[in-house]
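Colleague: Let's go through the labels used for this model. I'd like a reason behind each one.

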Amino acid sequence: MNTISSKTNLILCGALCLFLAWSTHAWSTPKTKQRTIKKVETIQVETPVGTAPRLPWQVWVTYSDGTHEWRQTRWMNSQLSTERQEANPELNPAGKTYTVEGFIIGDNTTENGYPITAKVSVTSQPWKVPSNTPAAQPLPLSDVVIKGDNRLTNNRDLAIKTILSWNVEQQLYNYRDTYGLPTEGYPKADGWDSPTTKLKGHGSGHYMSALAFAYASATKTEHKMQLRTRIQHMVDELRKCQERTFVWDSTLNRYWEARDYAPEEELKQMKGNWAAFDEYKKDYQHYGYGYLNAIPAAHPVLVEFYREYNNEEWVWAPYYSIHKQLAGLIDIANVMSYAPTIRPRSEVSPHARTPLYTTNKEIADKALLIAKDMGLWVWNRMHYRTYVKTDGTVAERHAKPGNRYEMWNTYIAGEVGGMAESLSRLAEMVNDSTEKAHLIEAANCFDSPAFFDPVAKNVDDIRTRHANQHIPMITGALRSYIINNTPYYYNLAYNFWNLVQGRYTYAMGGVGNGEMFRQPYSQMLSMNTNVQSDFRRNMYPNPTINETCCTYNLAKLSKDLNCFDPDNAAYMDYYERVLYNQIVGSVHPEHWGVTYHYAVGMNARKPYGNLTPQSTCCGGTGAENHVKYQEAAYFAKGNTLWVTLYLPSEAQWRANTIKQDCEWPAEKSTITFKPAINKKLHTFSIKLRVPYWATSGFDVKLNGHSIAKKYKPSSYVEIAEREWSADDKIEVLMPFSPHINWGPDKMDIAATGKNETQTPFTPQWVGALMYGPLVMATPDIKEWKDAEFSLHSDLSDIQPNEASSETGFNGHLYTLTFNGKQFQPDYYQTENSTHYLRLNMETGKKSRSEKGVDMSSLKHALQIAKERVDRQTAWNALSVKTPAFSPWAPYGYARLVQQVNQAEEIIHKSVQAITQDEVNAATSTLNMAINTMRPGNLAEPEDLGELLQMLTKAKNNPDITTDLREAINYADMVVQYVNDGSGTRDLIDKALKLLCETMKSAEKTNE
């Protein structure tokens, strides 16, 4: 009896304690009413006949609690066939109206989100375009200085120190070798500029741009002088090489030109192996007047006969590397023509109080001359030896060399970078009218009709294309609009940017998976199902997937679009996001190393490396990224100044000094003005960006008084033109608050471990926590099973913490606490961290599910899959393979066929015999098969088995010679390229051969 009584008392005591605990929690943290979407702005668009409608990728919503926010959308017309129908003038003539259904993602009102509808009116009027004269320009890089002791200045100073450590003579090796000059004392280049890599020159081009930007941004006199010395040496040496092509031909009675190199019949017989290239470089006199490249002229002309991407036998990306070199020379010309240099005191009169300033005109003029002569070589080749033919079969279009339709639509080999951008910039810089006309003609010779024409109509032909091959083409097209004044080019750039925003970006702003754009609205599927192989062909998750070069180029495109429409704050909202997150986070803060592919998904780690600008493409853009953070902080035109980024900085504009006092990242910025000595401040207006995330507490005060009662996020607020004084003070208050960047597709499948590549999950929205402009990530979550959380609709369960008081690269660090986990900014993470979570937000009252089984998504996926099967089947049937490689790589294609068969079995079942879960599962696995396919000339992780096995054996060798170490490093590089989606089988073969040879040599040495 006593025992029972004791147990009873214990139970009652426990129950009382639980009740008291519940009561205390209930009273201290009352559950607020869930917030739901109450109103969405009306969506009405006009679309010119022959185009697909421009639908907003974000909409302004009003919630039930009176708050507002921009929310991301997903539109249901994204099938390529649907968009083509919308752009068909016979189906949709002028005067017709129709609707497009869509959803606000991340909402649980329906399985697909909160339903929205756009009303589309087809009109005979074209889209309105801005003037081809930019409405604003960014202040020159040398006129803006980042101030303080923070992550930005830490990265900048680390970058300048590193740039100064690179050997300028190594950058010149390939040029001297290509132009028959002695190479003694010039170390061989490495990485993608090595003597046996056909992208040579790309790194030297980035090096020149990095030198120029570092010169403009350096704050120390000794750094400026060292950078200037390197710039001048590089320019002088390149002109010596270029002058060796100035060869007079008495038969032609003119200089030997680009058009004279490799006549058509000779071109058809030309080889692309290294033995052939060793012969080509002996004939530098016949490259053509003005040719300047780190590789013989055979490289760019071989692509005219549609030679594919293959480093050992044909080409890599000929005009990509030419663009980098042109861009480097143009950047030098621009910076050195504007920025003064400081002469050292040893060269200054001892009576002078301060060092004297001198110009760099001679350097700038020579750099421009080199670039112009090479630009005119390109014009000469394009004008006389190429053309455009769009009709007929691929074989018919390949029948005659030089069809640019096919040249630029070829995977990687047709990658031209920003050739159009550099040639357009040259056209703006030269004075001779004939040269100007030739250069702008050359710029538009790099149009890619197969890609441009659909996107110019707002038809999403971005899908499945190589990401960084195509983004710079758009930037070039936009730049050409300044001179050609053809709206086609502006519309192309505008459409591309908006399609990418809505359909392809991750939270940090980057795009792509394995260097490729995948299907629209499939980022989460791509992120979660990307895998890599070991030598036993075991598969593991690989969440490091989006290329940093893409972010570099999308930031450039956003900056350039902003010049034409500077009052559209969306451009700089995006620029801020990619700068503050992926770009700043792409360099290790303590020792130099930049990312190629960037960490995105579950427990992802940033693969820092790329120690030189020639290491990889992202080593090159990484060399530039961190010495130009201020390039888009201020824009100006006439009497108007736009403050677009809130950075601790000083800017010079029209003899005024504009100073921003703030931390980085900033919740408050104070802007003051100072005139030049003995000058008055100019009269001007100022426009200040209201960031998209500034939904609560934003204010602008002029001398202590608010200038408006309310401000709409993602807009500009203007202080009208006035006569400013040094006593004036503007305060911009922009408190950070949490929000969610939602993935557009629900997560229902993921690679979770060794050979667990298709683990099913209950479909759930996936989102990244944002704090103001910052993507927040946590090192505390390692697996998807631990990443599922419920989240209150007003985000009140996310607890912001005060920013740290430290300085330097750890300075002013914000953190969030959510569900017991700590989240830090993505840019701060250097080890493994998780960016996306499975979030069940308590928002949206679920509507009743429709009766029956919905197969529409499965049918859509099956349509895409069958188109791929048909394309592969047609290629297989060709007796002469044109193009030379198949549409799809074999392992991915085999997976597709298997999933197609299973999907068709589901489709053909009676409705009564299947469930919605079965249909959803079949759709997920089929979409996974579609998204993980690679082009036929690329290697797949499954191809790495033999190489990885040999690599493991080599690394276990007790005596690793220098040659074996180089072979191991090369093999490691190839493995990375293949896993990341850029490696070809010839690279695997070469790595195997090197390992075998060096291991045999090491064994003989040890005997």
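Modeller: Start with a helix pair: α3 and α5 are oblique to each other. Keep in mind that this is a predicted model.

Colleague: Why are α3 and α5 called oblique?

Modeller: Their axes cross at roughly 130°. Over 145 degrees would count as roughly antiparallel, and 65 to 115 as roughly perpendicular. The crossing fits neither range, therefore α3 and α5 are oblique. The crossing is also left-handed.

Colleague: What makes the contact between α3 and α5?

Modeller: Arg156, Ile160 and Ile163 come from α3. Tyr207, Ala210, Leu211, Ala214 and Ser217 come from α5. The axes of helix α3 (residues 151-165) and helix α5 (residues 202-217) come within 10 Å.

Colleague: Now the sheet. What makes β8 and β26 edge strands?

Modeller: Each pairs on one side only. The open sheet has seven strands, in the order β8-β21-β22-β23-β28-β25-β26, with antiparallel pairing.

Colleague: How do you know that β25 and β26 pair?

Modeller: Pairing needs at least two bridges, and two join β25 (residues 699-702) to β26. So the pair meets the cut-off. Lysine 701 has serine 706 of β26 as its bridge partner.

Colleague: Which residues touch the most other members of the largest nonpolar core?

Modeller: Tyr319, Phe496, Leu688 and Ile730, in a core of 262 residues. Helix α11 (residues 361-385) gives the most to this core: eleven residues. Another core lies apart from it, with 19 residues, including Met855 and Trp888.

Colleague: What does isoleucine 730 touch?

Modeller: Leaving out residues up to four places away in sequence, its contacts include Ile671, Phe673, Leu688, Lys701 and Trp724.

Methods: Residues numbered from 1 in each chain as written. Predicted model: local features only at pLDDT ≥ 70, side-chain atom pairs only at ≥ 80, totals over all residues. Heavy atoms only, no water. Core = buried A, V, L, I, M, F, W, Y, C linked by side-chain atoms within 4.5 Å. Buried < 20%, exposed > 50% of the residue type's maximum accessible area, 1.4 Å probe, protein only. Helix = DSSP H or I, 4+ residues; strand = E, 2+ residues; numbered from the N terminus. Contact = heavy atoms within 4.5 Å. Axes fitted to C-alpha atoms, helices over the stretch in contact; angles between N-to-C directions. Parallel < 35°, antiparallel > 145°, perpendicular 65-115°, else oblique. Left-handed = near helix turned anticlockwise from the far one by under 90°.
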